[in-house]
Amino acid sequence: MNNEIITPDQEFEQKLRPSRFEDFTGQEKIIERLELFVQAARQREDVLDHVLLSGPPGLGKTTLSYILAEAMDVNIKCTSGPVIDKPSDLAGLLTSLERGDVLFIDEIHRMQRAVEEYLYSAMEDFVIDIVIDQGPNARSVRLNIQPFTLIGATTRAGMLSAPMRSRFGLVNRLDYYDALTLCKIVKRSASILGVEIEDGGAMEIASRSRGTPRIANNLLRRARDYAQVKADNIITADLADQALNLLDIDGDGLEEMDKRILSCIIEKFGGGPVGINSMSVSVGEEADTIEEVYEPYLIQEGYLQRTAQGRIATDRAYAKFGLVPPAKD
Ligand SMILES: Nc1ncnc2c1ncn2[C@@H]1O[C@H](COP(=O)(O)OP(=O)(O)OP(=O)(O)O)[C@@H](O)[C@H]1O
Ligand SMILES: [Mg+2]
């Protein structure tokens, strides 16, 4: 399996992560909007409104959060939904923020309900309740905190509760990148890494990266290794093609797990509909990962449909394996 292609490598990503709006390629609408709100807030010497960033993994949510903090010229503190055990963990973080600071909460849809509710008053009125003393003397005091910007990132916007969602002033959904945009990203990354790449090579990588900058960068890295061993360190279209074939990434950018999911629906479940849990057992991947990582791309590319009864393989999925879809009644 090529899980390394889709999983983040912190050190490597850090190096390639754009730190200013100008270096962030693609998602033009979102960038235009965010730049405008940053400018407006700065002019008023105000704190930036809370921002929600949603979209599949590797499209730039964390990157944008850092860019926003940088553009506002404030500190950023990072945490993640599942690691906040109880409201008091959050209280410590919130009281440590200075005016205008960014609190970045990754995987915000995985926050516990009690923690989430605790966050509401902080987001809305910049106050929190803390319990002091213990036993019979225990009492709750209301504490003002500095106005701050919460940036929440989620791969599953649909799993966010309505009250949480409504507290974000700026809601942005990142979409998959087209190949041309990814091509620019690949070339930028190559120049940072000092890798020589031809236009054709960059395009080959871009069109096989499932619309995802993280994957494009990871494939670039693999192509670089290949070029170093097999050629003169130059990534041509031909060389990129060979390197990606070696990784089992096909011409449509599908990787082994994508194909396993599709062939499982077709071969074991007669084309579907099949429930996520049966599919998860059958392909040997967690249901969450299938839903967050693999399915969105397969759906966008028209290989898979999600219906109330379950997942269905489309005609395109059959065609992918050279099969004829069953006649519909
Ligand atoms: N628009 C972009 N331009 C250039 N590089 C990008 C862009 N978006 C993402 N990247 C690159 O892809 C990598 C992954 O992006 P990032 O970590 O921001 O994704 P994410 O949406 O936070 O993913 P996850 O949901 O897994 O946390 C970054 O290190 C960065 O180098
Ligand atoms: Mg992230």
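Student: What makes an atom in the side chain of Arg214 a polar contact of an oxygen atom of ligand 1?

Tutor: This is a predicted model, and the distances discussed here are computed from it. An N or O atom in the side chain of Arg214 is 2.8 Å from an oxygen atom of ligand 1. The cut-off for such a pair is 3.5 Å, so this one counts as a polar contact.

Student: Which atom of ligand 1 lies 3.1 Å from a polar side-chain atom of Tyr177?

Tutor: For Tyr177 the partner is a nitrogen atom of ligand 1. Gly60 takes part through its backbone instead: an N or O atom there lies 3.1 Å from an oxygen atom of the ligand. Both pairs are within 3.5 Å, so both are polar contacts.

Student: How many residues are around ligand 1, and which come nearest?

Tutor: There are 19 residues around ligand 1, and the ones that come nearest are Arg17, Thr25, Lys61, Thr62 and Thr63.

Student: Which residues does the UniProt annotation "binding site" cover, in the set that includes Lys61?

Tutor: According to the unreviewed UniProt entry, the set is Leu16, Arg17, Gly58, Lys61, Thr62, Thr63, Glu124, Asp125, Phe126, Arg167, Tyr177 and Arg214. These residues span 199 residues of sequence and are spread in space as well, with C-alpha atoms up to 37.1 Å apart. From this set, Leu16, Arg17, Gly58, Lys61, Thr62, Thr63, Tyr177 and Arg214 belong to the lining of the largest pocket.

Student: Why is Lys61 called buried or exposed?

Tutor: Lys61 has a relative accessible area of 8%. Buried means under 20%, so Lys61 is buried. Lys61 is in helix H4, which runs over residues 61–72. Beyond four places in sequence, Lys61 touches Leu53, Ser54, Gly55, Pro56, Ala153, Thr154, Thr155 and Leu174. Thr62 is also in helix H4, and its contacts on that basis are Arg17, Phe104 and Asp106.

Student: What joins the side chains of Arg210 and Asp258?

Tutor: A polar contact of 2.4 Å joins them. Arg210 sits in the loop between helix H9 (199–207) and helix H10 (213–230). Its relative accessibility is 3%, under the 20% limit, and therefore Arg210 counts as buried. Asp258 is among its contacts beyond four places in sequence, which also include Tyr176, Glu255 and Tyr297.

Student: Which residues does UniProt list for "binding site" together with Arg306?

Tutor: The unreviewed entry lists Arg306 and Arg311. Of these, Arg306 is included in the lining of the second largest pocket.

Student: Why is Arg311 called buried or exposed, and what is Arg306 called?

Tutor: Arg311 has 8% relative accessibility; that is under 20%, so Arg311 is buried. Arg306 has a relative accessible area of 43%, which falls between 20% and 50%, so Arg306 is partly exposed. Arg306 is in strand E10 (residues 304–307), and Arg311 is in strand E11 (residues 310–313). Arg306 touches Glu291, Glu295, Ile299 and Arg311, apart from residues up to four places away. With Glu295, Arg306 has a side-chain polar contact of 2.9 Å.

Student: How do you know what kind of peptide bond joins Gly272 and Pro273?

Tutor: Omega is about 5 degrees, and the bond is cis. Most peptide bonds are trans. Pro273 lies in the loop between helix H12 (256–268) and helix H13 (276–283). Gly272 and Pro273 are both among the contacts of Arg311.

Student: What is notable about the phi of Glu45?

Tutor: Glu45 has a positive phi of about 55 degrees, although it is not a glycine. Most residues other than glycine have a negative phi. Glu45 lies in the loop between H3 and strand E1 (51–54). At 68% relative accessibility Glu45 is over the 50% limit and so counts as exposed. Asn233 is also not a glycine, and its phi is positive, near 70 degrees. Asn233 is in the loop between H10 and strand E9 (234–235). Its 44% relative accessibility lies between the two limits, so Asn233 is partly exposed.

Terms used: Residues numbered from 1 in each chain as written. Chains lettered and ligands numbered in written order. Predicted model: local features only at pLDDT ≥ 70, side-chain atom pairs only at ≥ 80, totals over all residues. Heavy atoms only, no water. UniProt positions renumbered as here; feature names shortened; annotations may be inferred. 1 Å grid on protein atoms, 1.4 Å probe; cavity = no way out; pocket = protein on both sides within 12 Å on 5 of 7 lines; lining within 4 Å. Helix = DSSP H or I, 4+ residues; strand = E, 2+ residues; numbered from the N terminus. Buried < 20%, exposed > 50% of the residue type's maximum accessible area, 1.4 Å probe, protein only. Contact = heavy atoms within 4.5 Å. Polar contact = N/O pair within 3.5 Å; in protein donor to acceptor, adjacent residues only side chain to side chain. Near = heavy atom within 4 Å.
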